[in-house]
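These are my notes from a session of looking up side-chain pairings in one structure. I took charged pairs to begin with, then cysteines, then aromatic rings.

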Amino acid sequence: KSFLALHWEHKELDSVPSNLWQHPQYHGLDVLYLDNNYIGVLPQEMSALKSLSILSLCQNRISVLPEWIGTFTDLQTFVLAFNSISELPMSLGELNKLKIFNVFSNALDKLPISLAKCVCIEQLNLGRNCWKENRGDPPSMQVALPRALIDGVKSGKLKANTDEVMQFLRERFEFFEAEVEEHRR
């Protein structure tokens with residue numbers, strides 16, 4: 001299989017170019033860099049790019065990450081640093097090959113509990129966000145982090161932090177599933 005990468009950084013783009021999904025030559029796109037542009041919205045049509053393994057949208061104007069992002073099941077590296085994202089969709093949990101997830105410097109205060117399903121994550125960069133402290137919050141789909149994890153995230157201890165955050169999310173996810181199951185009875 002041939003490898004297809006596209007680097008459209010610093011192009012002053014204010015939207016994702018539609019020729020990415022309109023032209024067959026891009027249907028097998030593996031790597032897409034759209035860093036340092038003015039992109040604010042990811043259009044639904046972009047979900048046609050199913051073979052992406054690396055998607056970098058660093059330094060744009062993205063404030064909402066669409067739910068369809070979970071259809072990129074081959075994605076291994078996802079970089080969203082330096083945007084304005086305040087909430088991550090539950091569908092992130094469908095990215096079961098995700099190894100590197102970078103949401104450094106956004107407006108996040110919680111993480112979706114579904115991120116616990118991303119068992120391949122090796123690097124999780126959560127620094128410079130607006131984290132709220134978990135104070136024994138009831139189970140929900142969006143989870144605040146405990147103070148110790150927030151302090152660790154701020155300190156930049158990337159690898160150790162990734163393991164700790166993912167362990168915390170897995171525990172919350174298991175607790176949440178047990179609560180949901182209890183309510184079904």
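**Salt bridges**

I searched the whole structure for salt bridges, and the search returned 2 of them. I keep in mind throughout that this is a predicted model.

I looked up the pair of lysine 97 and aspartate 74, which form a salt bridge with their closest N and O atoms 2.8 Å apart. This pair links distant parts of the chain, since lysine 97 sits in the loop between strand S4 (77–79) and strand S5 (100–102), while aspartate 74 sits in the loop between strand S3 (54–56) and S4, the two being 23 residues apart. I then checked accessibility: lysine 97 has a relative accessible area of 39% and is partly exposed, and aspartate 74, at 29%, is also partly exposed.

I went on to glutamate 94, which forms a salt bridge with lysine 117, with 3.1 Å between the closest N and O atoms. Because glutamate 94 lies in the loop between S4 and S5 and lysine 117 in the loop between strand S6 (111–112) and strand S7 (123–125), the pair ties together parts that are 23 residues apart in sequence. For glutamate 94 I noted a relative accessible area of 40%, which makes this residue partly exposed, and for lysine 117 a relative accessibility of 35%, which counts as partly exposed.

**Cysteines**

How many disulfides does the structure hold? I found 0 disulfides. I looked at the accessibility of two cysteines nonetheless: cysteine 58 is buried, with a relative accessible area of 16%, whereas cysteine 130 counts as partly exposed at 46% relative accessibility. The value for cysteine 58 falls under the 20% cut-off for burial, so I entered cysteine 58 as buried.

**Tryptophan 68**

Is tryptophan 68 buried or exposed? I found a relative accessible area of 11%, so tryptophan 68 is buried, and I placed this residue in the loop between S3 and S4. Leaving aside residues up to four places away in sequence, I listed what tryptophan 68 touches: Leu42, Pro43, Gln44, Met46 and Ser47. I also recorded the C-alpha to C-alpha separation of tryptophan 68 and glutamate 45, which is 9.9 Å in space for residues 23 apart in sequence.

**Aromatic pairs**

I searched the whole structure for aromatic pairs and obtained 4. The rings of tryptophan 68 and phenylalanine 72 have centres 5.6 Å apart and planes at 80°, so I entered this pair as edge-to-face. Phenylalanine 72 has 0% relative accessibility and counts as buried.

The rings of phenylalanine 78 and phenylalanine 101 have centres 5.8 Å apart and planes at 40°, which means that this pair is tilted. I checked where the partners lie, and the pair links distant parts of the chain: phenylalanine 78 is in strand S4 and phenylalanine 101 in strand S5, 23 residues apart. Phenylalanine 78 is buried, at a relative accessible area of 0%, and phenylalanine 101 is buried with a value of 0%.

Methods: Residues are numbered from 1 along each chain as its sequence is written. This is a predicted model: local features need pLDDT of at least 70, side-chain atom pairs count only at pLDDT 80 or more; totals for chains, interfaces and linings use all residues. Side-chain values use heavy atoms; hydrogens and water are left out. A salt bridge is a side-chain nitrogen of Lys or Arg within 4 Å of a carboxyl oxygen of Asp or Glu. Helices (H or I, at least four residues) and strands (E, at least two) are DSSP runs, numbered from the N terminus. Buried means under 20% relative accessible area, exposed over 50%, partly exposed in between (1.4 Å probe, protein chains only). A disulfide is a pair of cysteine sulfur atoms within 2.5 Å. Contact means heavy atoms within 4.5 Å. Rings of Phe, Tyr and Trp (its six-membered ring) pair if their centres lie within 6.5 Å; planes under 30 degrees apart count as stacked, over 60 as edge-to-face and the rest as tilted.
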